[in-house]
Amino acid sequence: MKKFLYRSIIGILIGSFIAVVVTSSIIYFGHFPVINGEEFIKNSFGSIFCGWFFAVSSLYFELESLRLSQQTALHFVTVIVLYFILSLGIGWILFDLKNILISAAIFIVVYLVIWGCYYLYFKNLANQMNEDLEKI
């Protein structure tokens, strides 16, 4: 429960930070003197919720009773379903087949790149620890 609360706080803070950066960028680079308050609130809460579920869903990878493939599958299904429900509901993705397929393809590519980077990092870390153990 302690990890869940910690990850929740971290996810909410990251989501809030992303909302502020995106909003500031839109105002500054888009040359908007004002923004729609309702859109700001909707998008900010969407970003916060997105940050929360991405941070909390990574707890799947700490379930030692599951294989890595099961952890990855559970995490992927959880985040893609929640992300698309959120994105389609808020309007980040337009509700037509072409946009959904393009967004899904981008999501999958980004997911695979991030997953691959984490996998290589932790594999390298394990190899270093094994080498250190062999030295002892």
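**Cysteines and the largest pocket in a predicted model**

The end C-alpha atoms of residues 12–32 lie 26 Å apart, and this span is 86% helix and 0% strand; helices (H or I, at least four residues) and strands (E, at least two) are DSSP runs, numbered from the N terminus. This is a predicted model, in which local features need pLDDT of at least 70 and side-chain atom pairs count only at pLDDT 80 or more, while totals for chains, interfaces and linings use all residues. Residues are numbered from 1 along each chain as its sequence is written, and side-chain values use heavy atoms, with hydrogens and water left out.

Q: Why is cysteine 50 called buried?
A: Buried means under 20% relative accessible area, exposed over 50%, and partly exposed in between (1.4 Å probe, protein chains only). Cysteine 50 has 12% relative accessibility, so it counts as buried.

Q: What makes cysteine 117 exposed?
A: Its relative accessible area is 51%, and therefore cysteine 117 is exposed.

Q: Why is there no bond between the sulfur of cysteine 117 and that of cysteine 50?
A: A disulfide is a pair of cysteine sulfur atoms within 2.5 Å. The closest cysteine sulfur to that of cysteine 117 is in cysteine 50, 19 Å away, which is too far for a bond. A search of the whole structure finds 0 disulfides.

Q: Which helix gives the largest share of the lining of the largest pocket?
A: H1 gives the largest share, 10 residues.
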